[in-house]
Every structure is written in structure tokens, then in C-alpha cells.
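User: I am new to reading protein structures. Can you take me through the labels and the reasons behind them?

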Amino acid sequence: MSATAVPRAKRIPQWKIEEVKYLTNLFKSYPVFVIADLTGFPTNQLQKLRKKLSKKVLFRVSKNKLILRALKNAGIDTSKFEEILTGQNLLMFTHMNAFELSLLLDKYKAKTYYKPGEIAQQEIVIPEGNTGLSPGPILSTFSKLKIPTRIQGNSIVITRDTVVAKPGDTISEELASLLQRLDIALKEVKINIKAAYDHGIIISGDQLVLDLEEYKNMVMNAHLDALKIGSEIAWPVPEILELSLNKAFRQALALAAEAGYITPDTAEYVFRTAVMKALALAAEISKYAPDLGLEVPTMQPTTPPEKKEEEKKEEEEEEEETVSEEELAEGLGALFG
């Protein structure tokens, strides 16, 4: 009877075991981590970013399968991360909230050289001046890109600013090479966040983008709306009561003027309101009966007297009041007895 061959188990490299242990500890230690796409991001710029945020963020680049294994070991559901962990990824661990980290990363934008086949993000201009390049085969590149040049001494000089690409154009091999030779780095690169994990909640990268100015305006509008509602219901807090009292004072003056209620505080406003109504009536009458010879003097719009306080006064504008038929009748009686 022949013995059946038993396949030997594949030995896992020790470095992978250690890496999974290390990542597992990080996932357990940090409540927030971010997964970012490293595709096309220059290594030297990553090192600069790592150094800049070293006190707030721990950076780690690892294999996707090892990351998934570590997530599982840390007790985190990996089902939603399987779609995210494709390509080359960067892990960032922090104790900040995910939105704060996203704002920090958004401020860090670096410049690098365009590569052949990439799409121009902006208009590319080769500036006038001495290039510092010696004459040689590169002159054919200038000629192909229609960049006017002349030789001065032992250098190539560009005689005028020249547009070599517009937004949306494909970067040719000649242009990419020339931009590097001239040290013109124009391509803007930044860390693109795929997703964030914040205290058990997965947040997609697009949800982390905040318009701070929009949120600022929303908070300001909410504050104004709260003041309006508070003044309507006279909410008993100092900030609201001051507005409510001023509003009540103006409404009381308007009511006194309509009712003809005269007190030392309301007399001036009541009389001025009556005069304004009478003048409005006279103006209407003069349109239809010019023979009466009514002359209507110009007067300033009626405004309620200011509410006097010990420390400050507040001026408020009153909306102009329309004249009703009843007011016209009252004014007619006042004019002609």
C-alpha cells in the first residue's frame, strides 16, 4: 500500500507575522485611522509630510492583505475595507478626529514634475530668459515645441514667454523631459483620502471635505434665527431680554400712536404721527382738488423716541406706514372740522 503524500504547510515569513502584530497593536491603540491613496504621490514629498506631522500622526505603508489581517485581529469588521484596500495605500493613525486630520492634509499641497501621458492641470508657460542649458540635441526639442530661442555665449536663451500646453492637454514625452531639464514642477499633488475610521464609524473621503466658510455662515445664520425666535417669545436670558424689551417698547409706541394715548413719553410720537397722516391726506386731496391751494410741507419720517437707558441708547428704524381709508377720513375731519 503506497503512502499518500501530505502537502507541507506554506511557511509564513517572520517579517509578515511581525508586521501583522505591529499593525494590530496600532489599530487597537488609536481610535482614528485614515486610509489614503499613494498612487502618484512622490516619496520625497511623503517624507516631508511625515516629518511635518510627526507629533500628531503615525504613518505606515504596508501590504493590503496584512492590513486586512491586522484589522480582523483587532476586532474591526473588514467587509467594507476589502473594496477600499486596493492599489498602494498609506495608513495614518492619530488621536485627532478624522475631519481635523483631513483639514491638515488638505493644506499640504506639493508640486512635482509632469510625466508623459498625464493631463495638464493648468496653462503651462515656458518663461523668457537664460535656461542655463548648453546648445546641443535639446535644441530640436525647443523647435518641436515651437519655443523661440537664441544662443548667447554657451547657453540657450528663450526669447519670449511661450504657452506649450493648455488645461486638459496631454503632456508629451518631449515636454515632460524639457520641464524637468528646466526644473519647472507644476503638477499639484496631495494626499487623497479614501476613507477614515473614527471611533467605530467609517467615513468616506468625500464626506471628509468641509467648506469652512459655508459652515461659518450657517452658524451665523442659526445664531441670528435663534435671536429672532428668542426675542419673539421673550426667552429669559440677558442677551434676549434686551432685544425683547426694545421690541416691546417700539410696539408700545406704535400702539399708543394708533390709539392716541398721550403720556410724557408718547406725546411727541403721537402728535408727529397725526401730523404725518394729515399731511398724507392733504397731499392726496391736492392731487384731485388743486384749486384748494393746499401746500404740503416736507417732513422727516416719523420715528419713535429712543428708549432712554442709563448707559446706552439704541436707534432702530421704523418701516414707513401706509395710509388706510380710515386714516384718510380721520385726517379729513381734522383739516375741515
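Analyst: Gladly. Keep in mind that this is a predicted model. Start with one facing pair: F33 stands opposite F93 in β3.

User: What makes β1 and β3 a pair?

Analyst: Count the bridges. Two strands pair if there are at least two bridges between them. Six bridges join β1 to β3 (residues 89–94), so the two strands pair, and they run antiparallel.

User: How do you know that β1 also pairs with β11?

Analyst: Use the bridge count again. Six bridges join β1 to β11 (residues 192–198), so the requirement of at least two is met. These strands run antiparallel. One of the contacts is V34, whose bridge partner in β11 is A196.

User: Why is β1 called mostly covered?

Analyst: Buried means under 20% relative accessible area. Five of the six residues in β1 (residues 32–37) are buried, so the strand is mostly covered.

User: Why does K63 count as exposed?

Analyst: The cut-off for exposed is over 50%. K63 has 54% relative accessibility, so K63 counts as exposed. K63 lies in the loop between β2 (57–61) and α3 (64–73). K63 also helps form a positive surface patch with K10, K16 and K65.

User: What makes β6 and β7 edge strands?

Analyst: Look at the open sheet with the order β6-β8-β7 and antiparallel pairing. β6 (129–130) and β7 (149–152) each pair on one side only, which makes them the edge strands.

User: How do you know that β6 pairs with β8?

Analyst: They share two bridges, so the requirement of at least two is met. Their pairing is antiparallel. Within it, N130 stands opposite V157 in β8.

How values were computed: Residues numbered from 1 in each chain as written. Predicted model: local features only at pLDDT ≥ 70, side-chain atom pairs only at ≥ 80, totals over all residues. Heavy atoms only, no water. Patch = residues over 30% accessible without salt bridge, like charges linked within 9 Å, V, L, I, M, F, W, Y side chains within 5 Å. Areas by Shrake-Rupley, 256 points an atom, 1.4 Å probe, with all protein chains shown as cover. Salt bridge = Lys/Arg side-chain N within 4 Å of Asp/Glu carboxyl O. Lys, Arg positive; Asp, Glu negative; His and termini not counted. Charge placed at Lys NZ, Arg CZ, Asp CG, Glu CD. Helix = DSSP H or I, 4+ residues; strand = E, 2+ residues; numbered from the N terminus. Buried < 20%, exposed > 50% of the residue type's maximum accessible area, 1.4 Å probe, protein only.
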